[in-house]
Amino acid sequence: MQILIHAADAKQWQTAIASALPTAKVMTSNAALEDRQNADYLVAWQPPSWLFEEQTGLKGIINLGAGVDSLLNNPSLPAGIPIVKLRDAGMAGPMIDYVRYAVLHFQRDFDCYARQQRRFQWQEQPLVPKEEWGIGVLGLGAIGARVAQALSDDGFPVHGWSRSPKTLDGVTCHHGESGLTALLGQVKSLVTLLPNTQATRQIINAETLAALPVGASLINPGRGSLIDEAALLEALGMAEGEESVDKTDGEGRGRLRGAVLDAFDTEPLPADNPLWGHPRVLITPHMAAPTPRHAALDQVIETLKAWQAGEHVPSVDPAAGY
Ligand code: GLV
C-alpha cells in the first residue's frame, strides 16, 4: 500500500502513519517527484490540483478535516474515488469551548463591559439567566451535535437544525425550511456549524437575520460561505465609512447585537474588510477547532486498514457536499 500525505505537518503525519502501518510506503507531497509516485491513497488537507493530475491511480482520499468543501471544489478532483472525512476526531472539544466562550461573551455582557471599560464606566448590566437565553445550532453533524448537547448540559435551552430530521437528548430539533424559521424566532445566540454546500450558501442573509429577535448575536465557527457579509453588516447597523465608530451606546442601531466570527469567504480576512474594524465583531483566524493529530491518526489508520482489507468505509456524498 502506497500512501501520499499532503499537509502542513506532513513529516509528522508520515512518521506516525509509517509506524502504525509498517508495511506501507508513506510519501509526502513535497518529496522529489521520483519519491512520490503511484500513490494508492491520499491523506490530505486542501490538496492542490497538480497532485490529482500527477496521481492517477488513487483508490481513496482521507480528508484531514471535517469540511470537505475545499476538496470537492477542486476542479481536478477525479470523480468516483471514495472520500472519507474526519468525524469529530478531537475537534468537538475545542469547538465546544469556542462556542461556550462566544455565547458567554453576549449572555454575561462581556461585549458591553469591554465598551464600558473604554469609558471608565462602572455599571452592572441586568443579567439574563441562561434559562431565558435560547441558543440555535445550525448543523447537527458530528461536531454540531456535540456543541448543541454541551450547551444544553450547561443549562441553556438549545434548538438544533439540520436538513433531515434528527433527535438529540436535551435539544429541540428542527429541520427543513419551516423548521429554520421556527428556530430563528426564539434564539438569542445563533451558532452556524453547517457544511459549505450549494444548499447552505448564504443561509444567513437579510431574510434569516431579520427573523432573529432584535438583540440576537451570531457565532460562526463553521464556514464563511454560510454568511452574506453585506447583510450581516447591515444587520449590525454599520454604515459604510463608519467602521471605527462605536454606535452601541444605548440600544445600538442594528438589530444584531454582535458577531463572533472564525471563518470567512476569503482567508486570511483581507485588511480592507469592514468586519475587522466593526466595534461589535470579534474576529478569530479559523482557530476554533484545530485537528489534534493523535485523535485524527486513529481514524486515518482505521480507514487505511479497512481499505487495505477490502472493507467498505462510509464515505462523503459528493452530491450533498458532506
Ligand atoms: C476545519 O475547518 C475543518 O473542516 O476541519
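Which residues does Met287 touch, not counting residues up to four places away in sequence? In this predicted model, the contacts are with Tyr98 and Asp262. Met287 sits in a loop, between strand 12 (281-283) and helix 10 (293-308). Its relative accessible area is 39%, so the residue is partly exposed. Pro94 lies 193 residues from Met287 along the chain, yet the two C-alpha atoms are separated by 9.2 Å.

The overall fold was examined next. The chain contains ten helices and twelve strands. Its C-alpha trace spans about 65 × 40 × 30 Å along the principal axes. The radius of gyration is 22 Å. A compact globule of 322 residues would have a value near 20 Å, so the chain agrees with that expectation. Of the 322 residues, 50% are buried. Contacts were also sorted by sequence separation. Among those with a separation of 6 or more, 60% join residues that are 24 or more positions apart.

The surface and the charges complete this overview. About 15600 Å² of the chain is exposed. Carbon and sulfur atoms supply 52% of that area. The chain carries 25 positive and 36 negative charges. The mean positions of the two sets are 3 Å apart.

Side chains of opposite charge can pair when their charged atoms come close. The structure holds ten salt bridges. One of them joins Glu54 to Arg36, with 2.6 Å between the closest N and O atoms. Glu54 belongs to helix 2 (residues 49-54), whereas Arg36 lies in the loop between strand 2 (25-28) and strand 3 (41-44), so the bridge ties together parts that are 18 residues apart in sequence. The partners differ in burial class. Glu54 has a relative accessible area of 26% and is partly exposed. Arg36 has 12% relative accessibility and counts as buried, because the cut-off for that class is under 20%.

A salt bridge also forms between the side chains of Lys59 and Asp40, at 3.4 Å from N to O. Lys59 is in the loop between helix 2 and strand 4 (60-63), and Asp40 is in the loop between strand 2 and strand 3, so this pair ties together parts that are 19 residues apart in sequence. Lys59 is partly exposed, at 48% relative accessibility. Asp40 is buried, with a relative accessible area of 16%. The loop between strand 2 and strand 3 thus supplies Arg36 to one bridge and Asp40 to another.

Asp111 and Arg257 make a further salt bridge through their side chains, at 2.8 Å from N to O. This pair links distant parts of the chain, 146 residues apart. Asp111 is in helix 5 (residues 110-118), and Arg257 is in strand 11 (residues 256-261). Both ends are covered. Asp111 has 6% relative accessibility and counts as buried. Arg257 is buried as well, with a relative accessible area of 19%.

Charged side chains also join in a group of three. Asp97, Arg100 and Asp154 are linked in a network of salt bridges.

Technical notes
Residues are numbered from 1 along each chain as its sequence is written. This is a predicted model: local features need pLDDT of at least 70, side-chain atom pairs count only at pLDDT 80 or more; totals for chains, interfaces and linings use all residues. Side-chain values use heavy atoms; hydrogens and water are left out. A salt bridge is a side-chain nitrogen of Lys or Arg within 4 Å of a carboxyl oxygen of Asp or Glu. Helices (H or I, at least four residues) and strands (E, at least two) are DSSP runs, numbered from the N terminus. Buried means under 20% relative accessible area, exposed over 50%, partly exposed in between (1.4 Å probe, protein chains only). The radius of gyration is taken over C-alpha atoms; the globule rule is 2.2 Å times the number of residues to the power 0.38. Contact means heavy atoms within 4.5 Å. Accessible areas come from the Shrake-Rupley method with a 1.4 Å probe; for residues, only the protein chains shown count as cover. Lys and Arg count as positive and Asp and Glu as negative; His and the chain ends are not counted. The place of a charge is taken as NZ of Lys, CZ of Arg, CG of Asp or CD of Glu.
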